[in-house]
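Okay, thanks for making time, everyone. I'll walk you through a structure that may be new to you, so have the picture up while I talk.

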Amino acid sequence: MNRRLLLRSALYSATAATSLVACDQFKKTGLVDTAIAQAPTVQPPAAAAPPLQGQPSLKRRAAAKGLLYGAAAQPQILTAEPDFANSFAQECAILVSENQLKWEALRPTPTQFNFAGGDALLAFAQQHQMLFRGHTLVWHNALPDWFRETLTRANARHFLQEHIATVVGHYAGKVHSWDVVNEAIAPEENRPHGVRHTPWLELLGADYIQLAFQMAHQADPQALLVYNDYGLDYDTVQDASKRTAVLRLLERLKSANVPIHALGIQAHLWGSETRFSPEKLGQFLQQVADLDLQIFITELDVADVELPANVAERDRLVADHYRRYLDIVLAQPAVTAVLTWGLSDRHTWLTSFQPRPDGLPVRPLPLDQQLRRKPAWEAIAAAFDATSVRQLLSI
Ligand code: G3I
């Protein structure tokens with residue numbers, strides 16, 4: 001197992017902005033360039049691009065194409081850091097809870113629910129006219145300590161039903177979408193249908209997946225219900241087998257009339273990876289779209305752990321990776337939302353989960369630690385500018 005696979009296996013044990021914004025100012029630069037190029041005598045200086053800080057936000061660039069852009073957030077950070085909160089409100093049209101809606105955060109004891117963190121995030125989103133995503137109802141990680149000693153085969157269905165009815169019910173009518181089941185597929189474990197060995201599989205069998213979607217739909221019939229997973233992005237044997245297993249899962253759910261509305265592709269990317277296949281990834285996205293599902297890019301970031309130390313070079317490589325990936329996925333019109341897993345390098349899970357061996361701070365997100373727009377921001381903005389307009393009814 002190579003270093004990256006080791007890292008991956010160690011690490012892993014979704015209508016505020018619907019108004020279309022004309023982006024004519026971006027086209028003007030090209031017109032000016034053309035006119036100048038035709039002038040016979042004087043050699044003009046290259047037209048300076050508008051400074052990044054003064055350009056329209058990612059949410060406006062996305063909205064111009066009927067797309068949503070947003071990011072994951074934590075309430076204590078939005079409260080403690082007004083500059084960060086301002087940048088978040090400026091750039092994002094949708095907010096997803098990074099940790100506060102996981103069992104570990106919501107369920108201090110078997111009989112209690114603590115909605116403080118989730119409610120604070122929802123309030124921030126509402127205050128800034130953002131949509132709100134829930135993450136996640138069913139996952140094998142971030143379970144409370146009491147989970148293992150309390151749940152049995154006899155009571156697991158009751159706990160799942162109570163959890164989903166209470167949590168989805170609490171936010172009913174206020175969420176854009178829920179990651180109902182997270183990371184349930186692991187073909188490398190060689191189980192039937194490629195299902196991952198999880199406490200839920202042990203307790204309820206593989207039907208837990210469809211049960212969770214049915215319970216969530218009952219609790220909030222308006223919410224878009226999402227199956228969310230990682231490892232679907234590259235032209236590798238491992239990612240190809242995961243794409244196949246996830247596609248089969250989605251086919252089974254759709255053919256059983258399970259209420260599922262979107263695939264969430266986490267897209268935790270690797271800046272050093274070169275194995276892109278627009279054809280293979282594009283074909284997978286089309287197959288998902290053919291199932292009448294939307295596709296959300298839910299947790300996008302680009303790890304720089306294996307990239308050179310030089311900041312300018314590293315930022316360029318990270319930005320190139322964002323652009324290359326987004327050009328592929330945004331070519332599929334069913335992709336209607338893009339969220340990054342955090343907004344600024346100041347706060348990213350990669351700082352602790354994938355620190356650089358040289359000890360330098362990681363730089364995987366659109367804004368730097370000082371909240372300045374990076375080449376990654378520019379790459380995302382350019383990818384949004386380059387894509388076609390989505391149907392507004394999809395968001
Ligand atoms: O809750 C404790 C807190 O009380 C304590 O003070 C703090 C000190 O270390 O730890 C806190 O728990 C941490 C939690 O984040 C909240 O900050 C956990 O140790 C830490 O493991 C947890 O990591 C999160 C991880 O999921 C596991 O839940 C990351 O922030 C979060 O970015 C990451 O997100 C996952 C998605 O949910 C699913 N897809 C992959 C993605 C990245 O791993």
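Let's start with one residue, Ile-295. Leaving out its neighbours within four places in sequence, Ile-295 is in contact with Ala-262, Leu-263, Ile-265, Leu-285, Val-288, Ala-289, Gln-332, Ala-334 and Val-335. Before I go on, please keep in mind that this is a predicted model.

So where does Ile-295 belong in the bigger picture? It's one of the residues with the most contacts inside the largest nonpolar core, along with Ile-94, Val-180, Ala-212, Ala-216, Ile-297 and Ile-380. That core has 108 residues. Helix H14, residues 311–330, gives the largest share of this core, with 9 residues. As a bit of background, nonpolar side chains tend to be buried together in soluble globular proteins.

Let me zoom out for a second. The chain has 395 residues, and 45% of them count as buried. If you're counting elements on your screen, you should find 16 helices and 9 strands.

Now, a pair of helices. How do H12 and H13 lie relative to each other? H12 covers residues 237–255 and H13 covers residues 278–290; their axes come within 10 Å and cross at roughly 5°. The two helices are therefore roughly parallel to each other. On the H12 side you'll see Ala-240, Arg-243, Leu-247 and Leu-250, and they meet Lys-280, Phe-284, Gln-287 and Val-288 in H13. By class, that contact has 5 nonpolar, 1 polar and 2 charged residues. And Val-288 should sound familiar, since it's among the contacts of Ile-295.

While we're on H13, take a look at Gly-282, which is found in that helix. Gly-282 is partly exposed, because 14 other C-beta atoms lie within 10 Å. Apart from residues up to four places away in sequence, Gly-282 touches Ile-328, Ala-331 and Gln-332. Here's a link across the sequence: Gly-282 and Val-329 are 47 residues apart along the chain, and their C-alpha atoms are separated by 6.8 Å.

Moving on along the chain from H13, we get to Asp-292, in the loop between H13 and strand E8, residues 294–303. Asp-292 isn't a glycine, yet it has a positive phi of about 65°. Is Asp-292 buried or exposed? It's exposed, with 10 other C-beta atoms within 10 Å.

Another residue has that kind of backbone angle: Asn-190, not a glycine either, has a positive phi of about 60°. Look for Asn-190 in the loop between strand E4, 177–182, and helix H10, 199–204. Asn-190 is exposed as well, with 7 other C-beta atoms within 10 Å.

One more backbone detail, and this one is a peptide bond. The bond from His-135 to Thr-136 is cis, with omega near -5°. Thr-136 has its place in strand E3, residues 131–138.

Next, a loop residue with plenty around it. Leu-343 is in the loop between strand E9, 335–340, and helix H15, 350–353. It counts as buried because it has 27 C-beta neighbours inside 10 Å. What does Leu-343 touch, not counting residues up to four places away in sequence? The list is Ala-71, Ser-87, Phe-88, Glu-91, Cys-92, Leu-365, Pro-366 and Leu-367. With Pro-366, which is 23 residues apart from Leu-343 along the chain, the C-alpha atoms are separated by 6.0 Å.

For a much longer jump in sequence, go to Gln-391, in the segment after helix H16, 375–386. Gln-391 and Leu-67 are 324 residues apart along the chain, while their C-alpha atoms are separated by 8.9 Å. Gln-391 itself counts as exposed, with 10 C-beta neighbours inside 10 Å.

Last stop, the ligand. Which residues come nearest to it? Of the 10 residues around the ligand, the nearest are Glu-98, Asn-99, Ala-142, Gln-266 and Trp-349. Sort the shell by class and you get 3 nonpolar, 4 polar and 3 charged residues.

That's the tour, and I'm happy to go back to any of these spots.

Methods
Residues numbered from 1 in each chain as written. Predicted model: local features only at pLDDT ≥ 70, side-chain atom pairs only at ≥ 80, totals over all residues. Axes fitted to C-alpha atoms, helices over the stretch in contact; angles between N-to-C directions. Helix = DSSP H or I, 4+ residues; strand = E, 2+ residues; numbered from the N terminus. Parallel < 35°, antiparallel > 145°, perpendicular 65-115°, else oblique. Contact = placed C-beta atoms within 7 Å. Nonpolar A, V, L, I, M, F, W, Y, C, P; charged D, E, K, R; others polar. Near = placed C-beta within 6 Å. Core = buried A, V, L, I, M, F, W, Y, C linked by C-beta atoms within 7 Å. Buried ≥ 20, exposed ≤ 12 C-beta atoms within 10 Å, placed from the backbone.
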